[in-house]
Amino acid sequence: MAIIFPNIDPVIVEIGPVAIRWYALAYIAGLFLGLKYTNYLIQRFSPENENFTRQSLEDLFLYVAIGVILGGRLGYVLFYKLASYSDAPLDIFKIWEGGMSFHGGLLGVILAVYIFAMRRKIPVLTVGDYVAPAVPIGLFFGRIANFINAELYGRVTDVAWAVRFPDLYFPGQYLDPRHPSQLYEALTEGLLLFIILHILIHKRSRLERKGCITGLFLLLYGAARIFCEFFREPDHFLGFVFKIGEVGLTQGMILSVPMMLAGFFITTGRLRL
């Protein structure tokens with residue numbers, strides 16, 4: 001027997017024309033707690049480069065916030081709905097209507113970290129090693145917000161914990177039982193990845209190897225995302241990008257492959273920045 005999706009209002013509070021949504025709160029919580037965790041790592045492990053301090057971290061926070069928002073939006077436009085936005089380019093700026101891409105946001109963060117590191121004369125991978133462990137925090141909250149919004153749900157299933165999400169096109173009706181894939185992603189890409197990186201930093205001293213944590217984040221996130229994509233319903237406007245036998249490959253899988261390759265080369269020292 002499937003679980004009926006709880007009626008959760010995506011708007012937390014609405015004051016006149018201003019509405020505070022769970023999705024916006026997730027971004028704010030992810031950035032704020034990520035900043036706190038990165039600051040903790042800097043204070044605890046003290047990077048060799050004296051230019052990377054608690055004060056410079058506040059500047060990095062601004063760079064990353066801009067990179068997440070701009071990269072996430074542009075990534076969604078380019079990777080998922082380029083044709084639609086080509087017909088209505090002004091809709092690109094309607095962020096409040098939704099539409100963000102993690103892979104685009106990641107590219108935005110990488111560019112932000114690169115610019116910050118160049119201006120501060122800090123090795124790029126040094127900055128990346130202290131930022132990467134904080135990213136799963138934002139991923140966790142973001143996926144929880146996806147669940148609250150009843151979006152990016154999973155494929156049809158008969159597992160005991162299947163959820164019947166509301167049909168957005170037919171109010172009052174519910175979809176067939178589906179995997180709560182948003183929660184799978186919150187647990188794997190968010191909580192589990194955070195715990196693994198935390199252990200590697202504190203128990204295995206992986207911060208001493210420049211680039212190791214950055215590379216492992218890219219590698220492990222890519223693997224977790226590909227795994228969860230087997231349970232997640234493909235975007236209705238894309239479907240499977242192509243199929244190999246009985247296995248359909250989604251856009252999320254394809255975009256995760258170069259992440260994993262980059263992570264492998266960085267972790268093994270074959271790619272230096």
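I254 lies in helix α9 of this predicted model. With a relative accessible area of 29%, I254 is partly exposed, because that value falls between the 20% limit for buried and the 50% limit for exposed residues. Leaving aside neighbours within four places in sequence, I254 is in contact with V241 and F242. A longer view along the chain is given by W161, which is 93 residues away from I254 in sequence; the C-alpha atoms of these two residues are separated by 28 Å.

The helix that holds I254 is a helpful place to start looking around. Helix α9 covers residues 251-267, 17 residues in total. From its first C-alpha to its last, α9 reaches 25 Å, close to the 24 Å expected at 1.5 Å a residue. The buried residues of α9 are Q251, G252, M253, L255, S256, M259, G263, I266 and T267. An α-helix has 3.6 residues a turn, so residues three or four places apart point the same way. This spacing can be followed in the list of buried positions, which includes L255, M259 and G263. After α9 comes G269, with a positive phi near 80 degrees.

At the other end of the numbering, helix α1 spans residues 22-45. Its 24 residues reach 34 Å from the first C-alpha to the last, close to the 34 Å expected at 1.5 Å a residue. Buried within α1 are A26, G30, G34, Y37, T38, N39, L41 and I42. One of these, A26, leads on to another helix, as it is among the contacts of A145.

A145 is found in helix α6. Its relative accessibility is 3%, so A145 counts as buried. Apart from neighbours within four places in sequence, A145 is in contact with W22, Y23 and A26. Helix α1 runs over residues 22-45, and these three partners of A145 carry the numbers 22, 23 and 26. A65 stands 80 residues from A145 along the chain, and the C-alpha atoms of the two are separated by 18 Å.

Helix α4, made up of residues 102-120, is the place of G108. G108 is buried, with a relative accessible area of 14%. Not counting residues up to four places away in sequence, G108 touches two glycines, G67 and G71. F170 is 62 residues from G108 along the chain, and 36 Å separates their C-alpha atoms.

The loop that follows α6 deserves a stop of its own. This loop lies between α6 (135-148) and β4 (163-164), and A150 is part of it. A150 has a positive phi of about 55 degrees although it is not a glycine. Most residues other than glycine have a negative phi, and most peptide bonds are trans. L152, in the loop between α6 and β4, likewise has a positive phi of about 55 degrees without being a glycine. The two residues can be told apart by their exposure: A150 is buried, with a relative accessible area of 3%, whereas L152 is partly exposed at 28%.

L152 also appears among the contacts of R232. R232 is found in the loop between α8 (212-229) and β5 (242-244). Although its side chain is that of an arginine, R232 counts as buried, at 7% relative accessibility. Beyond residues up to four places away in sequence, R232 touches R143, L152, Y153, G154, R155, S181, E185 and R225.

These local views fit into the chain as a whole. The protein chain contains nine helices and six strands. Its radius of gyration is 19 Å, close to the 19 Å that the globule rule gives for 273 residues, so the chain is as compact as a globular protein of that length. Along its principal axes, the C-alpha trace spans about 60 × 50 × 40 Å. Buried residues account for 43% of the 273 residues. Among contacts between residues at least 6 apart in sequence, 70% join residues at least 24 apart.

The surface and the charges complete the picture. The protein chain exposes about 15100 Å², and carbon and sulfur atoms supply 65% of this area. The chain carries 24 positive and 21 negative charges, whose mean positions are 9 Å apart.

Note on methods:
Residues numbered from 1 in each chain as written. Heavy atoms only, no water. Helix = DSSP H or I, 4+ residues; strand = E, 2+ residues; numbered from the N terminus. Rg over C-alpha atoms; globule rule 2.2 N^0.38 Å. Buried < 20%, exposed > 50% of the residue type's maximum accessible area, 1.4 Å probe, protein only. Contact = heavy atoms within 4.5 Å. Areas by Shrake-Rupley, 256 points an atom, 1.4 Å probe, with all protein chains shown as cover. Lys, Arg positive; Asp, Glu negative; His and termini not counted. Charge placed at Lys NZ, Arg CZ, Asp CG, Glu CD. Expected span 1.5 Å × (residues − 1).
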